[in-house]
Amino acid sequence: MYGLNPPLKTLFALLCFTLPAASAQTAPAALPFSYTNFQFGLLGGYADGRSVRVFANYNNLAGPLGLRLSVGRSSKEGGFDEDADLGLLGSIGQQKKSGLISSERANALFFGLGATYDLGQQIPGLETSFYGGLRYGRFNSRLTYKGGQYTDYSSSAFGIGLGSQAAYLLTNSLSVVGDVGVDQYFGGGPIVSRDDRNNTDTFKPGEGGYEAINKAVKRPGTVLKVMLGVRYSF
């Protein structure tokens, strides 16, 4: 403060005392959650076919209760009733035997949003929890014909699901996870067909042709899950 005249010395001293106090009053409030409560996981296994699933948990939102978000994809051979007749040359099974149909395949996207209940470590190093909530699935089945032409049959459905997880702690952050559960989807909605030439048609319940398509296309109803993977806690 050498070289400052007395009024400036007084102003400088006031600033030194008031700025820290003002900073303390205007400092941002602490976030209402802890990042250590976040978990991210990757699973692989069986869920209506070969399946991969990712999930994110936010734990301890209200005591042992938390939130869970999941997204998964599955695929499998098949997806159609072999005895169904789509108005072509016999049933799907007969067309496969004659070579008119070269393959059939189904895939699905699964979305989940719900709650978790953390049981903690009932056994040292082993964390267990339950989860459940709403489900939404998008399903697609494809018939591929001789020559490469194909027709896709797409639909969607809402559902509910329950499951449990057991995580063995390798480190404070990394765990091996086992996941088992069951989802129930409620079908009966519209089915959209689209071929390789982009011709589309929509079949709605109660309309002509819907019952035949609905019988032919196997849409997931009860989906059992058995999966294994890793989980990282932040």
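These legends describe close-up views of a predicted model.

**View 1. The whole chain combines three helices and 10 strands.** From the N terminus on, the elements run α-β-β-β-α-β-β-β-β-β-β-α-β. The chain has 234 residues, and 35% of them count as buried. Take the contacts between residues at least 6 apart in sequence: 62% of them join residues at least 24 apart. The chain exposes about 13,800 Å². Carbon and sulfur atoms supply 64% of that area.

**View 2. Strands β4 and β5 form an antiparallel hairpin.** β4 covers residues 101-123, and β5 covers residues 126-145. The two strands pair over 20 bridges. One place to look is F110, which stands opposite G137 in β5. At the turn, two residues lie between the strands. G125 takes a positive phi there, near 90°.

**View 3. Strand β5 also pairs with β6.** β6 spans residues 150-169 and runs antiparallel to β5. The pair is joined by 19 bridges. S141 has Y153 in β6 as its bridge partner. Four residues lie between the strands of this hairpin. Within the hairpin, G147 has a positive phi near 100°.

**View 4. T144 is a buried residue of strand β5.** Its relative accessibility is 17%. The cut-off for buried is under 20%, so T144 falls on the buried side. Setting aside neighbours within four places in sequence, T144 contacts I101, S102 and S103. T144 also contacts Q149 and Y150. Of these partners, I101, S102 and S103 fall within the residue range of β4. Y150 falls within the range of β6.

**View 5. N60 and N198 both have a positive phi without being glycine.** Most residues other than glycine have a negative phi. For N60, phi is near 55°. N60 sits in strand β2, residues 50-62. N60 is partly exposed, at 41% relative accessibility. For N198, phi is about 65°. N198 lies in a loop, between β8 (191-195) and β9 (200-203). Its relative accessible area is 55%. The cut-off for exposed is over 50%, so N198 counts as exposed.

**View 6. The largest pocket holds about 300 Å³ of space.** Its lining is made of 19 residues. Q39, N59, D118, E127 and R231 lie nearest the centre. The elements that give two or more residues to this lining are β2, β4, β5, β6 and β10 (222-233). β6 gives the most, with four residues. By class, the lining holds 13 polar residues, three nonpolar and three charged.

**View 7. The largest cavity has a volume of about 100 Å³.** The model has two cavities of 30 Å³ or more. For the largest, 15 residues form the lining. A106, F139, S141, K218 and P220 are the ones nearest its centre. β4, β5 and β6 are the elements that give two or more residues to the lining. S141 links this view to View 3, where its bridge partner is Y153. The lining divides into six nonpolar, five polar and four charged residues.

**View 8. The second largest cavity contains about 50 Å³ of space.** The lining residues are L43, R53, R68, S70, Y131, R135, D179, K225 and M227. β3 (65-77), β5 and β10 each give two or more residues to it. Five of the lining residues are charged, three are nonpolar and one is polar. R53, R68, R135, D179 and K225 are the charged ones. L43, Y131 and M227 are the nonpolar ones. S70 is the polar one.

Note on methods:
Residues numbered from 1 in each chain as written. Predicted model: local features only at pLDDT ≥ 70, side-chain atom pairs only at ≥ 80, totals over all residues. Heavy atoms only, no water. Buried < 20%, exposed > 50% of the residue type's maximum accessible area, 1.4 Å probe, protein only. Contact = heavy atoms within 4.5 Å. Areas by Shrake-Rupley, 256 points an atom, 1.4 Å probe, with all protein chains shown as cover. Pairing = 2+ DSSP bridges. 1 Å grid on protein atoms, 1.4 Å probe; cavity = no way out; pocket = protein on both sides within 12 Å on 5 of 7 lines; lining within 4 Å. Points joined across faces, edges and corners; volume = space filled by probe spheres on them.
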